[in-house]
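Subject: Structure for you to look at

Hi,

Here is the structure I promised to pass on. Please open it first, and then read my notes below alongside it.

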Amino acid sequence: MSDNDLWSKIKHHKIRFGGNRKLKIYGTLSCKSGKKMKRENRVFFSSEKEAVVNVYRPCGHCMKVEYKKWKNGFI
């Protein structure tokens, strides 16, 4: 996917979450930790449900409530 396609999908809310393919973590697109990840490890999701179905866990930085639920086994 080209950068222009990516930005268009983000702008039109077709992509709402980003993830790290290697670490299997997802979070918001504005997360400082997520912005530092290597480009080749990036993956994008249209919903939180899509990330969870693909066995990704919430980011402990930008999604603290969801992360605590995941850590305690509620997700």
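A word on terms before the sheet: two strands pair if DSSP finds at least two bridges between them. Helices (H or I, at least four residues) and strands (E, at least two) are DSSP runs, numbered from the N terminus. This is a predicted model, in which local features need pLDDT of at least 70 and side-chain atom pairs count only at pLDDT 80 or more, while totals for chains, interfaces and linings use all residues. Residues are numbered from 1 along each chain as its sequence is written, and side-chain values use heavy atoms, with hydrogens and water left out.

**Overall picture**

The protein has four helices and four strands, and from the N terminus on they follow the order α-β-β-α-β-α-β-α. Its radius of gyration (taken over C-alpha atoms) is 12 Å, close to the 11 Å from the globule rule (2.2 Å times the number of residues to the power 0.38) for 75 residues, so the protein is as compact as a globular protein of that length. Along the principal axes, the C-alpha atoms fill a box of roughly 40 × 20 × 20 Å.

Of the contacts (heavy atoms within 4.5 Å) with a separation of 6 or more, 47% are between residues 24 or more positions apart. Of the 75 residues, 27% are buried; buried means under 20% relative accessible area, exposed over 50%, and partly exposed in between (1.4 Å probe, protein chains only). The protein exposes about 5700 Å² (Shrake-Rupley method, 1.4 Å probe), and carbon and sulfur atoms supply 53% of that area.

For your electrostatics, there are 19 positive and 6 negative charges, with mean positions 6 Å apart. Lys and Arg count as positive and Asp and Glu as negative, without His and the chain ends; each charge is placed at NZ of Lys, CZ of Arg, CG of Asp or CD of Glu.

**The sheet**

In what order do the four strands sit in the sheet? They form an open sheet ordered β3-β1-β2-β4, with mixed pairing. The edge strands are β3 and β4 (57–58), each pairing on one side only.

Strand β1 (residues 17–20) is covered on both faces: Phe17 and Gly19 are buried on one side, and Gly18 and Asn20 are buried on the other. In a regular strand the side chains alternate between the two faces of the sheet.

β1 runs antiparallel to strand β2 (residues 25–28), with four bridges joining them. These two strands form a hairpin with four residues between them, and Lys24 in the turn has a positive phi of about 60 degrees. β1 also pairs with strand β3 (residues 42–45) in the antiparallel sense, over four bridges. Gly18 stands opposite Gly27 in β2 and opposite Phe44 in β3.

β2 and β4, by contrast, run parallel and are joined by two bridges. There, Ile25 has Arg57 of β4 as its bridge partner.

**Two residues to click on**

Is Pro58, in strand β4, buried or exposed? Pro58 counts as buried because its relative accessibility is 1%. Its C-alpha atom is 8.8 Å from that of Lys24, although the two are 34 residues apart in sequence.

Val65 lies in helix α4 (residues 64–71) and counts as exposed because its relative accessibility is 54%. The C-alpha atoms of Val65 and Ser30 are separated by 16 Å, with their positions 35 residues apart along the chain.

Best wishes
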